[in-house]
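Student: Could you take one helix and go through it closely, saying which side of it is buried and what covers that side? After that, please connect it to a few other places in the chain.

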Amino acid sequence: MNNITKKVQVDQLIKLALQEDISSEDVTTNSIMKDMVMGEVDLICKEDGIIAGLDIFKRTFELLDENVSFEFYCKDGDYVRNGQKMAKVIGDIRTLLSGERVALNYLQRMSGIATYTRSVSDLLKGTKTKLLDTRKTTPNMRIFEKYAVRIGGGYNHRYNLSDGVLLKDNHIGAAGSITKAIEMAKEYAPFVRKIEIEVETLDMVKEAVQAGADIIMLDNMTTEEMMEAIRIIDGRAETECSGNVTKENIDRLVNIGVDYISSGALTHSAPILDISLKNLHAI
């Protein structure tokens, strides 16, 4: 996805979020602020973590008022600490009040994902294994959440259904067999896509190798089964393991030698990072 496409998509999604929060007007702000008054407010981190989404935070206010200005004292990927002043936002107080919640929702969510991802990816240091996200993202938040995974040190799996072939259990059921599913995928998408297939047993592993899968995902297998699967595959396909992987249980997978570990928890279970706008005052 090129930068122009990203900007168009991001702006559209932020506008939808703003429309959700301001369906007709911000009645609270309009009741106390009759006219434009310039003000400034501080962006404060309230717990330690990895910051991600500062450009989205900024863009949220800019879509309300292009005259809002910013002073940033950190950048995406930085480790921030409780009490740290990360930025100052300057503009019409009505804009600062009306845009606050949506801007913070993005920044808190994205920073929480980056922080959680960093804590998991750190556990894979010193190995060849890469940590991947999944499509288990919040609706209309995928572009933001997958970006946050990268900021946290993880890698993106396919972005969406148009981005790669991943044959899961129901695809295999629909096709009739692993071999048939791979044959049909190769026929439909020759040369342009790697073909990945999800397997749950060692017999399925053997069939996937024989059928010529490019990547074999070992789903919900025991550690012993995965080690045997890697022996069977013997470098003839890349390997990925998945199945309810979290920070608490990834240790059993660290040294088995897979190329990738995918974890839906990076996006669906990361807690937000507590961040606030404080000390609003007129200038």
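Tutor: What follows starts with helix α8 and then turns to a helix pair, a strand residue and the cysteines. This is a predicted model, in which local features need pLDDT of at least 70 and side-chain atom pairs count only at pLDDT 80 or more, while totals for chains, interfaces and linings use all residues. Residues are numbered from 1 along each chain as its sequence is written, and side-chain values use heavy atoms, with hydrogens and water left out.

Helix α8 spans residues 202–211; helices (H or I, at least four residues) and strands (E, at least two) are DSSP runs, numbered from the N terminus. Its buried residues are Val205, Ala208, Val209 and Ala211. Buried means under 20% relative accessible area, exposed over 50%, and partly exposed in between, with a 1.4 Å probe and protein chains only. These residues lie on the same side of α8 because they cover an arc of only 165° around the axis, the arc being that of the directions from the helix axis to the C-beta atoms. On the other side of α8, Asp203 and Gln210 are exposed. The cover over the buried residues includes α7 (178–188), β8 (195–199), β9 (215–219) and α9 (223–233); it is judged by contact, that is, heavy atoms within 4.5 Å. Just after α8, glycine 212 has a positive phi of about 90°.

Now the helix pair. Helix α3 (residues 54–64) packs against helix α4 (residues 93–121) at an angle of about 155°, and the axes are 8 Å apart. Axes are lines fitted to C-alpha atoms, for helices over the stretch in contact, and angles run from 0 to 180 degrees between N-to-C directions. α3 is therefore roughly antiparallel to α4; angles over 145 degrees count as such, under 35 as roughly parallel, 65 to 115 as roughly perpendicular and the rest as oblique. Residues of α3 that meet α4 include Phe57 and Phe61, and those on the α4 side include Leu104 and Met110.

In strand β1 (residues 38–45) sits glutamate 40. Glutamate 40 counts as buried because its relative accessibility is 15%. Beyond its neighbours within four places in sequence, glutamate 40 is in contact with residues including Lys88, Leu96, Asn279 and His281.

Last, the cysteines. The structure holds zero disulfides, a disulfide being a pair of cysteine sulfur atoms within 2.5 Å. For cysteine 45, the nearest cysteine sulfur belongs to cysteine 74, 8.3 Å away. Cysteine 45 counts as buried, at 0% relative accessibility. Cysteine 241 counts as buried too, at 0%.
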